[in-house]
Amino acid sequence: MRTLSPDRTTAARGRLTVLAGLAIALTAINLRTAVTGFTPLLETIGADLGFGVVLAGVLGTIPAATFGVFGFLAPAVTRRFGLERTAAAALALTAVSLLARAASPTPALVVVSTVLALGGIGAANVVIVPLVKAWFADRVALWTSCYLLLLQTGQFVAPLLAVPVAQAAGWRLSVGIWAGPIALAAVVWLVLTLRLPADHHTPAATATRPTSRISRSGTVWGLVVLFAMMSLSNYAIITWVPAVLTDAGGSAELGGSMVGLYSAWGVLAALVVPHVATRMTNPFPVVVACSVVLVGGYLGLLLSPLEGTAVWVCALGIGVSTFPLCLTLVNRRTRTAQSASAVSGFVQGIGYGLACVGPVGLGLLREATGSWSVPLLVLAATAVPGVVAGWFACRPRFVD
């Protein structure tokens, strides 16, 4: 039997690591395009297919709901099939479903295809965190920043392109165009899985599940609630800020550009927050600062939506910087990739599940009250449980 020399083994591992890095990068840049490239077109699609604000709110809730359900299930799948195979299958499901959404002739099919597309993204959300720990354990902060930077780049580019592409070639092309890069990411993961040695097993695929220990951790529950409040704000902003501005007299183009501006601040957060979190023993001051700025953004939109709009939207973008903080703490508060996978699934599964009431609930509040005043005040109030949860989440202790 032939065996590889140590030099050849090292070289082979190096090539696999490069391929894994490419796969992580391609995955990251596509983790939000299916959402932010879609929500600026809700009114256009509704006018074409015949649905109104209630179904638009449901479609805005689907990301958080599916991210929660599929994210909670993802660790069980990875234990059976491995992180890399799970990523490949999840992204393939998303690519096919996005094409189906673009071709949907009825609102019901739009909903079904959206659930499937974002279900795949939900699984990818969870596995990318332990994949970073498994392949780049000695550079967690750097690679967390890299993948969050790419995630935020995709998140802000997609809404900037959504309306212009829809105006030039129709909403179906604008919605379906993101299937291509997601399919490419799936192919790279597939190639990596085919090249992995037979004895390759990431810790997430083989170790014992520590769910009972995780569910008793105050740090984990702090992460859950902090992540839920951040997610509620994030998807409410992405879904309803365009409607807030158009109701105040702004244009659809303004709404799309403001979602893009909001998302652009995530790029800065992705560069800064993971490194700050790894250098601070307790990053709770980051939670407090972000919460104060977030409340300011909501109050600005409430009192003066079309004057100082960019300032309020920038404040919202800075305010949700607890998102990269939560994901960084998942790796910082765990010792192994297996534990990181379990905590990531637990936090994102329950967190997104709690957050999914946001977009549809706020849409119903808007319908009941006739304005965005009450929904914006409710969103500002979510900063309070976020700060309390942040105190528990940021304490310097391991959960495993």
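Okay, a definition before anything else: when I say accessible surface, I mean the area from the Shrake-Rupley method with a 1.4 Å probe. By that count, this protein has about 15400 Å² of accessible surface, and 70% of that belongs to carbon and sulfur atoms. And please keep in mind that what you're looking at is a predicted model.

So, the overall picture. We've got 20 helices and zero strands. Across its principal axes, the C-alpha trace spans about 75 × 45 × 30 Å. The radius of gyration is 20 Å, and a compact globule with 400 residues would be near 21 Å, so the two agree. Of those 400 residues, 57% count as buried. Then there's the contact pattern: if you take contacts between residues at least 6 apart in sequence, 86% of them join residues at least 24 apart.

Let me take you through two of the helices, starting with α6. That's residues 107-135, so 29 residues. From the first C-alpha to the last, α6 reaches 41 Å, close to the 42 Å expected. There is a kink in α6, though. Where does it lie? At Val-127, about 30 degrees, shortly before the proline Pro-130. As for surroundings, 22 of the 29 residues of α6 are buried, so the rest of the structure largely encloses this helix.

Now on to α12, residues 218-247. The end C-alpha atoms of α12 are 42 Å apart, and its 30 residues should span 44 Å, so that agrees as well. α12 also bends, by about 45 degrees at Trp-240, with the proline Pro-242 following within four residues. How many of the 30 residues of α12 are buried? It's 25, so α12 too is largely enclosed by the rest of the structure.

Stay on α12 for a moment, and find Val-224, which sits in that helix. Is Val-224 buried or exposed? Buried, at 0% relative accessibility. If you leave out neighbours within four places in sequence, Val-224 is in contact with Phe-346, Val-347, Ile-350, Gly-351 and Leu-354. Take Ile-350 from that list: along the chain Val-224 and Ile-350 are 126 residues apart, but their C-alpha atoms are separated by 6.5 Å.

Phe-346 turns up again when we get to the aromatics. The structure holds five aromatic pairs. One of them is Trp-221 with Phe-346, edge-to-face, at 5.3 Å centre to centre and 80 degrees between the planes. Why does this pair tie together parts that are 125 residues apart in sequence? Because Trp-221 lies in α12, while Phe-346 lies in helix α17, residues 337-355. The two partners sit in different burial classes, by the way: Trp-221 is partly exposed, with a relative accessible area of 36%, and Phe-346 is buried at 8%, given that the cut-off for buried is under 20%.

There's another pair to show you, Trp-391 and Phe-392. Their ring centres are 5.0 Å apart and the planes are at 85 degrees, so this pair is edge-to-face. Here Trp-391 counts as partly exposed at 44% relative accessibility, and Phe-392 counts as partly exposed at 35%.

If you want something to look at on screen, try the place where α12 and α17 come together through Trp-221 and Phe-346, then look at Val-224 and its contacts, including Val-347 and Leu-354. That's my bit, over to you for questions.

Technical notes:
Residues numbered from 1 in each chain as written. Predicted model: local features only at pLDDT ≥ 70, side-chain atom pairs only at ≥ 80, totals over all residues. Heavy atoms only, no water. Expected span 1.5 Å × (residues − 1). Bend = angle between axes of the 7 residues up to and from the residue. Buried < 20%, exposed > 50% of the residue type's maximum accessible area, 1.4 Å probe, protein only. Rg over C-alpha atoms; globule rule 2.2 N^0.38 Å. Contact = heavy atoms within 4.5 Å. Phe/Tyr/Trp six-rings, centres within 6.5 Å; stacked < 30°, edge-to-face > 60°.
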